[in-house]
Amino acid sequence: MASGGVSVASLWTEVNRCGQNGDFTRALKALTKILHENRDDVTALHCKIVCLVQNGSFKEALNVMNTHSKVLGSEVVFEKAYCEYRLNRVESSLKTIEAAPEQTDKLKELYGQVLYRLERYDECKSVYTDLIRNSQDEYEEERKTNLAAVVAAMSQWEEAPLEDLGLPESTYELCYNAACALIGQGQLTEAYNKLQQAEELCRISLSDDSDVTEEDIESELAVIHSQMAYVMQLQGRTDEALQLYNQVIKLKPSDVGLLAVTANNIITINKDQNVFDSKKKVKLTNAEGVEYKLARKQLQAIDFNKALLAMYTNQADQCRKLSSSLQSQNPGHPRPVLIQVAQLSREKQHSKAIELLQQFSDQHPESASGIKLTMAQLYLVQGHVTKACDVLKSIEEFKYKSGMISALVTMYSHEEDIDSAIDIFKQAIEHYQSEQPGSAAHLALVREAANFKLKYGRKKEAISDLEQLWKQNTNDIHTLAQLISAYSLVDTDKAKSLSKHLPSPDKMAFNVDVDELENSHGATYVRKKAAKVPGDNLPKEQGQGDLKMKKKKKKKGKLPKNCDPKATPDLERWMPMRERSYYRGKKKGKKKEQIGKGTQGATAGASAELDASKTASSPPTSPRPGSAAGSSTAAPSNVVPPRQQKPAASGATRKKAPQKKKKGGKGGW
């Protein structure tokens with residue numbers, strides 16, 4: 001009997017009934033009572049662990065297993081590995097599975113999931129292939145879906161070629177995984193069509209369930225729509241992709257991994273524009289649990305974009321901190337170093353940026369190609385063209401590429417270092433002569449070298465190249481002419497002997513119908529012919545002479561009204577007036593009264609009034625008090641001193657006296 005008078009048998013009955021009903025919380029209470037009577041009951045412990053797992057209490061279930069490990073032994077290997085997997089302790093889960101004494105089917109299923117999380121796709125594929133081949137139950141479709149997901153991951157992250165495993169595309173999950181595999185192979189159009197097919201299958205399968213609402217369907221379609229937007233983005237349809245991405249964000253799906261990827265892709269579309277929106281979207285990539293939902297390369301791309309966004313928002317310290325952290329996590333990856341260099345370049349620290357690139361190039365020669373191209377660009381920004389050429393020549397991978405040869409020749413020509421440019425041609429021709437003699441690339445390079453030497457007057461040096469070209473094609477008249485021209489400066493006899501190979505003038509003449517050429521659609525000039533008058537070909541009647549065409553009379557030009565026809569016209573009438581011999585310049589008019597002449601503030605009228613000689617005849621005013629009666633006459637009392645005078649304003653600018661306001665009510669009317 002258990003405590004409280006309830007028998008253990010009745011408690012087990014309660015556990016069984018609750019397990020069938022899915023009431024695991026109530027079952028736990030009954031199991032606790034059973035374990036109170038016998039704490040080492042293996043069956044009760046096992047049932048308790050299962051109930052805790054069903055309730056999502058993985059940490060508590062793991063504690064129970066660790067506490068009673070001696071009693072339980074290997075009874076709960078699967079439950080322990082599953083709890084570790086759900087707690088994101090993937091490495092521990094793998095060790096638990098590998099240490100199991102027997103690999104059951106459910107352990108193999110979990111083993112496949114663990115390998116997928118660890119991105120060991122080859123082993124994962126083998127596990128699922130074996131499970132599908134050796135098991136027949138209602139979970140076969142789920143296994144095929146997981147296998148299709150593994151194939152898609154191998155195609156996207158490992159760039160592995162697609163392998164036809166005979167998987168069906170009967171469900172929207174299988175169809176979606178097939179589309180992801182096509183994206184990894186770069187077959188974007190086929191992938192987009194497959195995603196549309198997956199969307200249609202999803203709507204059909206979910207619409208059959210009456211309990212599923214339209215919102216539930218849109219939420220389930222969010223991952224398909226996000227992948228469709230990604231395909232559009234890769235195709236260059238950024239506006240459509242951005243619109244679809246924002247629709248997914250507005251749905252607020254519960255999958256934090258989906259939200260993080262969608263937000264990251266929006267940031268990549270925004271680039272250095274719409275930075276405020278990017279700063280809001282980057283918060284979605286920092287959600288809890290994102291690191292367990294995404295692949296390593298996805299997380300790496302998100303971190304790179306965070307560093308770039310910090311650079312675009314002028315957060316230099318944050319950018320350096322993020323890029324340094326990325327470099328420590330990925331020491332051989334060139335992108336963190338390039339982000340640091342970009343930040344230094346924005347700060348005009350080009351020398352420090354070049355030093356950082358050189359250091360990384362020396363430490364990681366396998367990634368030196370892209371790094372050295374960036375170094376050359378920075379040297380060009382500083383104006384060090386020769387140093388840039390030296391860096392480019394050190395890239396063995398691109399040394400004999402046509403683009404590299406063209407860039408080096410152009411830069412050396414800009415520096416007027418023709419000898420170095422010719423040396424670049426020489427080395428490249430020798431390389432193709434030994435590796436691909438007579439190939440199209442080889443002959444094209446020889447042709448360019450010959451033209452370059454002829455352009456800069458190096459005809460003697462161009463002879464060997466021209467001879468090689470002419471030997472390859474003796475019917476090339478243009479090359480033969482160039483060769484004869486070059487030999488004419490070195491060996492005239494050789495030039496004469498080669499000129500015998502030129503075709504005769506008759507052979508070189510073109511049999512062209514000039515009239516047909518002029519009447520063609522492409523002719524820019526057509527010679528006009530006189531139109532034939534009807535009846536020209538008819539025989540003339542006897543006694544009728546030739547008809548003369550009437551000539552049009554020329555109209556006399558009109559003369560000016562005041563023109564004297566007898567007077568001799570001015571020979572300089574067509575010249576500008578100021579260039580004629582009799583031009584004496586404009587006559588100066590009378591000086592007008594101007595304000596501002598003379599002393600400051602004085603006017604002509606005021607100066608006349610202030611002139612004492614002009615006021616002598618005026619009657620004297622009364623003297624000031626205390627002054628002598630016979631003193632000199634003073635200025636009138638109404639005359640304003642010069643510094644207090646104001647210029648007379650015109651009628652238009654003269655201020656009017658302010659009008660009095662009318663008395664009225666509050667309205668002011």
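Start with the whole protein chain on screen: of its 669 residues, 32% are buried. What you're looking at is a predicted model. Color by secondary structure and you'll get 31 helices and zero strands. One more overall number before we zoom in: take the contacts between residues at least 6 apart in sequence, and 47% of them join residues at least 24 apart.

**Stop 1: α7 and α8**

Select residues 90-98, which is α7, and 105-117, which is α8. How do you describe two packed helices? You give the angle between their axes and the distance between the axes. Here the axes of α7 and α8 come within 10 Å, and they cross at roughly 145 degrees. The crossing of this pair is left-handed. Now show side chains: α7 brings V90, S93, L94, I97 and E98 to the contact, while α8 brings L107, L110, Y111, V114, L115 and R117.

**Stop 2: Q103, in the loop between them**

Stay where you are and pick Q103, which sits in the loop between α7 and α8. Is Q103 buried, exposed or partly exposed? Its relative accessibility is 35%, so it counts as partly exposed. Leaving out residues up to four places away in sequence, Q103 touches I97, E98 and K108. You've already met I97 and E98 as part of the α7 side of the helix contact. Zoom in on I97: its backbone oxygen is 2.8 Å from a polar atom of the Q103 side chain. Then try your distance tool on C-alpha atoms: Q103 and F78 are 25 residues apart along the chain, and their C-alpha atoms are separated by 9.7 Å.

**Stop 3: N88, on the other side of α7**

Next, select N88, in the loop between α6 (77-86) and α7. Check its backbone angles: phi is near 65 degrees, a positive value in a residue that isn't glycine. N88 is partly exposed because its relative accessibility is 28%.

**Stop 4: α14 and α15**

Jump along the chain to residues 238-251 (α14) and 256-270 (α15). These two helices pack at an angle of about 145 degrees, and their axes are 10 Å apart. α14 passes α15 in a left-handed crossing. Which residues make the contact? On α14, they are T238, A241, L242, Y245, N246, V248 and I249; on α15, they are L258, L259, T262, A263, N265, I266 and I269.

**Stop 5: K252, in the loop**

Don't move far: K252 is in the loop between α14 and α15. Like N88, K252 isn't glycine but has a positive phi; for K252 the value is near 50 degrees. With a relative accessible area of 70%, K252 counts as exposed.

**Stop 6: R580, a buried arginine**

For the last stop, select R580, in the loop between α30 (514-518) and α31 (604-609). R580 is buried but has no salt bridge. Why not? D570 is the nearest side chain of opposite charge, and it is 4.1 Å away, whereas a salt bridge needs the atoms within 4 Å. Its side chain does have a polar atom 3.1 Å from the backbone oxygen of R573. Light up the neighbors to finish: not counting residues up to four places away in sequence, R580 touches D570, E572, R573 and M575.

Key. Residues numbered from 1 in each chain as written. Predicted model: local features only at pLDDT ≥ 70, side-chain atom pairs only at ≥ 80, totals over all residues. Heavy atoms only, no water. Helix = DSSP H or I, 4+ residues; strand = E, 2+ residues; numbered from the N terminus. Buried < 20%, exposed > 50% of the residue type's maximum accessible area, 1.4 Å probe, protein only. Lys, Arg positive; Asp, Glu negative; His and termini not counted. Polar contact = N/O pair within 3.5 Å; in protein donor to acceptor, adjacent residues only side chain to side chain. Contact = heavy atoms within 4.5 Å. Axes fitted to C-alpha atoms, helices over the stretch in contact; angles between N-to-C directions. Left-handed = near helix turned anticlockwise from the far one by under 90°.
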